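The report below walks through a few local features of one protein chain. Please keep the sequence and the structure in view while reading.

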Amino acid sequence: MGPGGESVVGGEHRVTGTTVTSGGATGADADVIVVGAGPAGSAAAYHLANAGLDVLLLEKATFPRDKVCGDGLTPRAVAALVKMGIETGEEAGWARNKGLRIVGGGLRLELPWPELASFPDYGLVRPRADFDELLARAAEKAGARLREDTTVSGPVRDDRTGRVVGVTARSGDDREPVTYRAPVVVAADGNSARLALSMDIRRRDDRPLGVAVRRYYRSPRTHDDYLESHLELWEGKPNASRLLPGYGWIFGMGDGTSNVGLGILNTTPAFGNTDYRDLLRRWLSALPAEWGYTEDNATGPVRGSALPMGFNRTPHYSDGVLLVGDAAGMVNPFNGEGIAYAMESGELAAEVVAQALARPADAGREKALLQYPEAVRARYGGYYTLGRVFVNLIGNPTVMRLATKYGLPHPVLMRFMLKIMANLTDPRGGDAHDRVINALCRLAPSA
């Protein structure tokens, strides 16, 4: 169990599906059902609705609702927001940042976001309690029908083909079961991936997994215009300090608070046998007192979640169901970023589904839907393979110490690492760094 009694690793359980008599799309409640109104589901619903499809978006919670996250958005995520027509100015409630500050090896290095044709040169910060509702309302405005307080309990299958043709759910005060039908379902139910599990699509043990915990504190650093990443976590005073496992972050929220957290990868010896709440406390106790990261300044509890990385759940399409975002294990192994890939995979799924539903024959639709996992692999496969190599290397404490000691003093190398870790390159043209990174991604196997 993670902090506050939340399950942050494992905890998988199965939900029994329902079988219905064959009937195709007859009597369907929507063209597409999207399960989960987080960034992946809301992005999928928005782009599906913009394509003219009737979309039913089912969310188990009621907005506003919180999620465990660093709240920091890289330029890649900003670009996905712009595609949804969302205003990203400070007057709209966003805190902008200039780049990434890396702390480690006794150094503090500030790296501005690169200037690219494909992505803006700024990042954003916004609490997930506000951010997720903003995306869900954008999907509603585009035409999606949002049903809050609706918990999906399993798939509905056609008794002849075995294909998923809807979902069962419970909603409202009476929690009476209800069935919703659609020819295609998008599973965007986060790292719990309950719909995928009910279809026996399990997490892959050969792919990386992380655990992250975070807490909000009142802090004078609230207006920091850099996202801050700590490659080393130290406990105690400088003359008697001890290195702790994991990496940390500090993001100024612009509202008087900071989001402070840490993560650990399953490639490190400490994974799975660490008290993450206590680890956060021990790290923060060594930070400057004037930053305000003390118990008295905490505005809420420590919360934790799993980070499913590098395609750690496949296949991404099966029997009429497409997996997107965390449900598909699409968190970036290099930096733990999930929001950008959630929104991008939602958009990509919407493009595939729109093309599939434009085909009148079932065989043609299925052929189109089968292109989704191929499209996902083409976009992220090689990059995530490099990421899996990276997390295995940094899971070795000796390698991490050497990388920090000899890498941080070289700004050119660190600018290269910023681009590859944040996946920020121009696919055509660009500088020498872009060309090297793009070539590496093309050459890496995309399994």
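Helix H2 (75–83), helix H6 (339–357), H8 and helix H11 (432–443) each supply at least two residues of the lining of the second largest pocket, and H8 gives the most, with seven residues. Helices (H or I, at least four residues) and strands (E, at least two) are DSSP runs numbered from the N terminus. On a 1 Å grid over the protein atoms alone, a pocket is an open set of points where a 1.4 Å probe fits, with protein on both sides within 12 Å along at least five of seven lines, and lining residues have an atom within 4 Å of a point. The second largest pocket holds about 670 Å³ of space, and of its 25 lining residues the closest to the centre are Arg76, Arg379, Asn423, Thr425 and Pro427.

This is a predicted model, in which local features need pLDDT of at least 70 and side-chain atom pairs count only at pLDDT 80 or more, while totals for chains, interfaces and linings use all residues. Residues are numbered from 1 along each chain as its sequence is written, and side-chain values use heavy atoms, with hydrogens and water left out.

Asn423, one of those pocket residues, follows helix H10 and has a positive phi, near 55 degrees. The 12 residues of H10 (residues 411–422) should span 16 Å at 1.5 Å a residue, and the end C-alpha atoms are indeed 16 Å apart; the expected span is 1.5 Å times one less than the number of residues. In H10, Met414, Phe416, Leu418, Lys419, Ile420 and Ala422 are buried, where buried means under 20% relative accessible area, exposed over 50%, and partly exposed in between (1.4 Å probe, protein chains only).

Most residues other than glycine have a negative phi, and most peptide bonds are trans. The table lists two aspartates with a positive phi.

| Residue | Phi | Loop | Relative accessibility |
|---|---|---|---|
| Asp149 | near 55 degrees | between strand E9 (145–147) and strand E10 (150–158) | 26%, partly exposed |
| Asp319 | about 55 degrees | between E21 and strand E22 (321–323) | 33%, partly exposed |

Where do cis peptide bonds with omega near 0 or about 5 degrees occur? One runs from Phe63 to Pro64, with omega near 0 degrees, and another joins Thr314 and Pro315, with omega about 5 degrees. Pro64 is in the loop between E3 and E4, and the loop between strand E3 (55–58) and strand E4 (72–73) also holds Asp71, which is buried at 0% relative accessible area.

Terms used. Grid points are joined across faces, edges and corners, and a volume is the space filled by probe spheres set on the points.
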